[in-house]
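Please open the model in your viewer and keep the sequence panel beside it, since this tour moves from one selection to the next and says at each stop what is there.

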Amino acid sequence: MGLIPDDWLLEPHRSAGFLKHEVIAHVEKASHIHHTEHLFFKVPSRYALLNITDRVEEVLKRSGVTDGLAFVSAMHITAGIYVNDAESGLLHDIARWIENLAPFGEDYQHHQTGEDNGDAHLKSFLTNHSLTAPITQGRLDFGTWQQIFYAEFDGKREKRVLVKTLGV
Amino acid sequence: MGLIPDDWLLEPHRSAGFLKHEVIAHVEKASHIHHTEHLFFKVPSRYALLNITDRVEEVLKRSGVTDGLAFVSAMHITAGIYVNDAESGLLHDIARWIENLAPFGEDYQHHQTGEDNGDAHLKSFLTNHSLTAPITQGRLDFGTWQQIFYAEFDGKREKRVLVKTLGV
Amino acid sequence: MGLIPDDWLLEPHRSAGFLKHEVIAHVEKASHIHHTEHLFFKVPSRYALLNITDRVEEVLKRSGVTDGLAFVSAMHITAGIYVNDAESGLLHDIARWIENLAPFGEDYQHHQTGEDNGDAHLKSFLTNHSLTAPITQGRLDFGTWQQIFYAEFDGKREKRVLVKTLGV
């Protein structure tokens, strides 16, 4: 491998750029809510990057959780869930990058079972198959550009996404 | 980079393939269980992909948690935890893919410390080092093919996996 | 793709190297703490790998949580959070590896918006943008070498990291 470019700051010990902290919320309560839903998708194409932020926020509202965590997971191993920006050029870049690193149509041993979706299993390692998101004061505690995406790598069939909210 | 293949649906805004949601469970309770175990492994080979789903389910039973989350984490940075299918051809594909993207025996700077496992540290980025899994109605709330794997990238020594279940 | 090296143990079913389990803690309590902070960083370079383990432990102390989970997340989609070793040679290896797989300066479609940080969005897939860490007996329940890093891929501006601790 070559050298890294100049502009990398590598700090094994204390973090250089730290400015300050702010306490956003501190809640102590006895009663706890655990709310679980399955969301059903049938994507018309083989591959898709779908912005499901609104779907997750709908679950959040139905659950009544105001502080806690939302856990979002593909219930399949040929799909993934990730957080990133929704800019449409970037979606193309992400699709190309995933395809380049885990290409369709390689000679995967998995295909000896009759499947042709070996690439989809590997693609899910790049996006991760699930994520956890913070809930604070009744909302997803996200930065401006953070959006939740469902990454479909073997579509055209019914699939499920699990959303579980835990909190007060 | 080249173009992406035709069959990618990229949706920056609302998710196209959404069908419906189903509420699976809604629990409100005061009493809460936090249960933590370390699982000990000594893998006879340097590299391994081990299906530990049964081990995690055993912890789940011992903990008594019926709704919540299971957190599973390698306690080492030369190992990972991931969810995928257990089909044996696919395990070969995953091993080859990880090895290709983060190969053993490169000239890693980490090796100047006397170690030879630089590849193992990078491989753990591809699998992720931990995962969260949902528990609903006393079971791992998984799709048919989802299995939890321990990925060992520097074996032949005793290693630990942490499992923590939180819930009601 | 070529063959995998000899020394991979692939176990679709039961895990071969399992030795034993140890219950570390079992807590049942009614009262629950949810504590949320934002940490602010302004990194002087474009790229950085910053060890923020101490920062997260400071939040942990302020929160009073003794058993539960810490959720740590970049609030930007051009940064990531990961767990790995802090050895300085390894930090170079990680930086080179991330740069090789998601290089700066490619012809990304995202750049048609005027941005030049397409690589940063892809790099965040390799580190993951957030992590969950276990808290047991008042401390991060980590192995010897596990450290939490903030990976900055588009620095020189103020950015936030969210830390939420949940537990008893």
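Begin with a pair of helices in chain A: H2(A) passes H3(A) in a right-handed crossing. Bear in mind, as you look, that this is a predicted model. To find the pair, select residues 88-101 of chain A for helix H2 and residues 118-127 of chain A for helix H3, whose axes come within 9 Å and cross at roughly 125°. An angle from 115 to 145 degrees is neither roughly perpendicular nor roughly antiparallel, and H2(A) and H3(A) are therefore oblique to each other.

Now show the side chains where the two helices meet. On the H2(A) side, select A:Trp97, A:Ile98, A:Glu99 and A:Leu101, which are in contact with A:Lys123, A:Leu126 and A:Thr127 on the H3(A) side. While these are displayed, it may help to recall that an α-helix has 3.6 residues a turn, so residues three or four places apart point the same way.

Next, step back and select the whole of chain A, in which you can find 3 helices and 10 strands. If you follow the chain along its sequence, the elements come in the order β-β-β-β-α-β-β-α-α-β-β-β-β. The C-alpha trace of chain A spans about 55 × 45 × 30 Å along its principal axes, and of its 168 residues, 65% are buried. Of the contacts in chain A with a separation of 6 or more, 84% are between residues 24 or more positions apart.

How does chain A relate to chain B? Superposing chain A on chain B takes a rotation of 120° with 0.0 Å of shift along the axis, and the RMSD is 0.0 Å. That is the relation of a three-fold axis. The copies use different surfaces, as 17% of the contact residues of chain A recur in chain B.

Move to chain B and select B:Thr165, which you will find in strand E10, residues 158-167 of chain B. Is B:Thr165 buried or exposed? Its relative accessibility is 1%, so B:Thr165 counts as buried. Display the side chain of B:Ser63 as well, and you can trace a polar contact of 3.1 Å between the side chains of B:Thr165 and B:Ser63. Apart from neighbours within four places in sequence, the residues in contact with B:Thr165 include B:Ile33, B:His34, B:His35, B:Leu60, B:Val65 and B:Ile135.

Continue to chain C, which a rotation of 120° with 0.0 Å of shift along its axis superposes on chain A, with an RMSD of 0.0 Å. Only 17% of the interface residues of chain C are also interface residues in chain A, so the copies meet through different surfaces.

In chain C, select helix H3, residues 118-127, where 10 of the 10 residues are buried, so that the helix is largely enclosed by the rest of the structure. Among the buried residues to click on in H3(C) are C:Asp119, C:His121, C:Lys123 and C:Phe125. Just after H3(C) comes C:Asn128, which has a positive phi, near 75°.

For the last stop, go back along chain C to the loop between helix H2 (88-101) and H3, and select C:Gly105 there. With a relative accessible area of 55%, C:Gly105 is exposed, whereas C:Gly118 in H3(C) is buried. Finally, add C:Asn117 to the selection: C:Gly105 and C:Asn117 are 12 residues apart along the chain, and their C-alpha atoms are separated by 8.3 Å.

How values were computed. Residues are numbered from 1 along each chain as its sequence is written. Chains are lettered from A and ligands numbered from 1 in the order in which they are written. This is a predicted model: local features need pLDDT of at least 70, side-chain atom pairs count only at pLDDT 80 or more; totals for chains, interfaces and linings use all residues. Side-chain values use heavy atoms; hydrogens and water are left out. Helices (H or I, at least four residues) and strands (E, at least two) are DSSP runs, numbered from the N terminus. Buried means under 20% relative accessible area, exposed over 50%, partly exposed in between (1.4 Å probe, protein chains only). A polar contact is a pair of N or O atoms within 3.5 Å; within protein, one must be able to donate a hydrogen and the other to accept it, and residues adjacent in sequence count only if both atoms are side-chain atoms. Contact means heavy atoms within 4.5 Å. Copies are superposed by least squares on the C-alpha atoms of residues with pLDDT of at least 70 in both. Axes are lines fitted to C-alpha atoms, for helices over the stretch in contact, and angles run from 0 to 180 degrees between N-to-C directions. Angles under 35 degrees count as roughly parallel, over 145 as roughly antiparallel, 65 to 115 as roughly perpendicular and the rest as oblique. A crossing is left-handed if the near helix is turned anticlockwise from the far one by less than a right angle, and right-handed if clockwise.
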